[in-house]
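Hi everyone, thanks for coming. Please have the structure open in front of you, and we can walk through it together.

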Amino acid sequence: MIQLKNKGQLIVLSGPSGCGKNTICNALLKRNPKLWLSISCTSREPRGAEQDGKDYFFLTAQEFEKKIEQHDFLEYAKYNGNYYGTPKSKIEEYLNQGIDVILEIEVQGALKVKEKIKDALFIFIMPPSMQELKRRLENRGTENEAKIMNRFRIAYQEINEISKYNYVVVNDDVDLAVEKVNAIITAEKCRVDRIEDVYLNSEEEEIHEFLMDKEFDNHDISI
Ligand code: 5GP
C-alpha cells in the first residue's frame with residue numbers, strides 16, 4: 001500500500017577522537033550490506049597499520065588544496081593541523097542506488113554537510129567520560145603528547161556542538177552502542193516523509209468503493 005523512497009540515507013557520525021566511532025562504523029558495515037562508508041582524504045601521516053585507499057586517501061597538503069580548488073569535496077575541514085575532506089564523487093551515485101552512505105567526520109565538516117543536505121541524519125557518539133577518552137587516546141601510542149592533548153582540547157569544543165545533532169549515543173558498551181546506532185538508522189527509514197506513494201491494489205480499491213457507497217447510504221458511518 002505504501003511505496004517508500006528508494007534513495008539511500010546519508011548518515012553523519014561524529015564524536016571526539018577516541019570515542020570509538022570507527023569501531024562502531026566497522027560493526028555496522030558488517031551487519032548491513034546496504035551501507036557504504038565514505039573514505040576520506042587527509043593530509044595527515046598514516047598512523048600505525050593504516051593503508052592508503054582503505055583507511056584514508058593520504059595526500060600532501062598541496063594535493064589536498066588542489067582538490068579544494070577543483071571543488072572535489074562535499075565538505076572539508078582542518079583538524080589538529082591537517083586537512084580532512086569527504087570526496088563527493090561517489091556519494092550521490094550510492095544514494096541513488098538506494099545504498100546508505102555513512103560519513104565518519106568531525107564537527108566542523110558535519111555542520112557544513114548540514115547546510116547542504118537537509119535530510120541527512122546526524123548522530124553524535126559520546127565517550128563514557130572525559131577521563132576514559134584521554135586514556136583511550138594515550139593508549140593508542142601513535143602520537144606525541146602535544147598532539148594527544150590537542151585532540152583532547154578539540155573534544156571539549158566538539159561536545160559543545162552536540163545540540164546540532166539529531167541523536168546522541170554514549171559508547172560505554174560497544175555492542176550496545178552499535179545496536180543503538182543501527183536502531184536509529186532503522187527508525188529513520190520509517191519516517192513518513194520517506195513515503196513516495198500510497199496506492200491500493202484492485203481488491204483494496206473495491207473494498208474502498210464499497211465503504212464509500214455505504215457512507216452515502218448511512219450517514220452514521222464516520223471515521
Ligand atoms: P583521525 O586523525 O583520528 O583519523 O581523524 C581526526 C578527526 O577527523 C576524526 O574526528 C575524524 O572523524 C575526522 N575526519 C575523518 N575524515 C574526515 C573528513 O572527511 N572530513 C572531516 N571534516 N573530518 C574527518
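**Rings, bridges and patches**

Let's start with the aromatic rings: the count comes to 12 aromatic pairs. One of them is Phe 124 with Tyr 165, and this pair is edge-to-face because the ring centres are 5.2 Å apart and the planes sit at 75°. Where do the two partners of this pair lie in the chain? Phe 124 belongs to strand S9, residues 121-126, while Tyr 165 is in the loop between helix H6 (145-159) and strand S10 (167-170). The two are 41 residues apart, so the pair links distant parts of the chain. Both Phe 124 and Tyr 165 are buried. I should say right away that everything here comes from a predicted model.

In case ring pairs are not your daily business, a pair of aromatic rings is described by the distance of the centres and the angle of the planes. If you go back to the display, you can also find a cluster, in which ring pairs link Tyr 56, Phe 58, Tyr 79 and Tyr 84.

Next, the salt bridges. Side chains of opposite charge can pair when their charged atoms come close. How many salt bridges does a search of the whole structure find? The search finds 12. Let me show you three of them.

For the first, please go to Arg 136. Arg 136 forms a salt bridge with Glu 132, and the closest N and O atoms are 3.0 Å apart. Both residues are in helix H5, residues 130-140, and because they are four residues apart there, about one helical turn separates them. Arg 136 has a relative accessibility of 22%, so this residue counts as partly exposed. There is a third partner to look for here, since Glu 132, Arg 135 and Arg 136 are linked in a network of salt bridges.

For the second, find Glu 143 and Arg 151. Their salt bridge has its closest N and O atoms 2.7 Å apart. Are the two partners buried or exposed? Glu 143 is partly exposed, with a relative accessible area of 22%, whereas Arg 151 is buried, because its relative accessible area is 5%. The cut-off that matters for this step is that buried means under 20%.

The third bridge joins the side chains of Asp 72 and Lys 67, at 3.7 Å from N to O. Both partners are partly exposed: the relative accessibility is 26% for Asp 72 and 28% for Lys 67.

While you have Asp 72 on screen, let's talk about backbone angles. Most residues other than glycine have a negative phi. Which residues have a positive phi although they are not glycines? His 71 is one of them, with a phi of about 60°, and Asn 80 is another, at about 50°. His 71 is found in the loop between helix H2 (61-69) and strand S6 (73-79). Asn 80 also sits in a loop, the one between S6 and strand S7 (82-87). What about their surroundings? His 71 counts as exposed because its relative accessibility is 57%, whereas Asn 80, at 10%, counts as buried.

His 71 also gives us a distance across the model. From C-alpha to C-alpha, His 71 and Lys 134 are 36 Å apart in space, and they are 63 residues apart in sequence. Another distance to try on your own screen is Gly 20 to Ile 68: these are 48 residues apart in sequence and 28 Å apart in space, again C-alpha to C-alpha. Gly 20 lies in the loop between strand S2 (10-14) and helix H1 (21-31), and at 18% relative accessibility this glycine counts as buried.

To finish, let's turn to the surface. Which residues form the negative patch? Glu 203, Glu 205, Glu 206, Glu 209 and Asp 213 form it. Among them, Glu 203 lies in helix H8, residues 202-217, and this residue is exposed, with a relative accessible area of 56%.

There is a nonpolar patch too, of about 440 Å², made by Met 1, Ile 2, Leu 4, Val 198 and Leu 200. Val 198 has its place in strand S11, residues 195-198, and counts as exposed because its relative accessibility is 55%.

That's my tour. Thanks for listening!

How values were computed. Residues numbered from 1 in each chain as written. Predicted model: local features only at pLDDT ≥ 70, side-chain atom pairs only at ≥ 80, totals over all residues. Heavy atoms only, no water. Patch = residues over 30% accessible without salt bridge, like charges linked within 9 Å, V, L, I, M, F, W, Y side chains within 5 Å. Areas by Shrake-Rupley, 256 points an atom, 1.4 Å probe, with all protein chains shown as cover. Salt bridge = Lys/Arg side-chain N within 4 Å of Asp/Glu carboxyl O. Lys, Arg positive; Asp, Glu negative; His and termini not counted. Charge placed at Lys NZ, Arg CZ, Asp CG, Glu CD. Buried < 20%, exposed > 50% of the residue type's maximum accessible area, 1.4 Å probe, protein only. Phe/Tyr/Trp six-rings, centres within 6.5 Å; stacked < 30°, edge-to-face > 60°.
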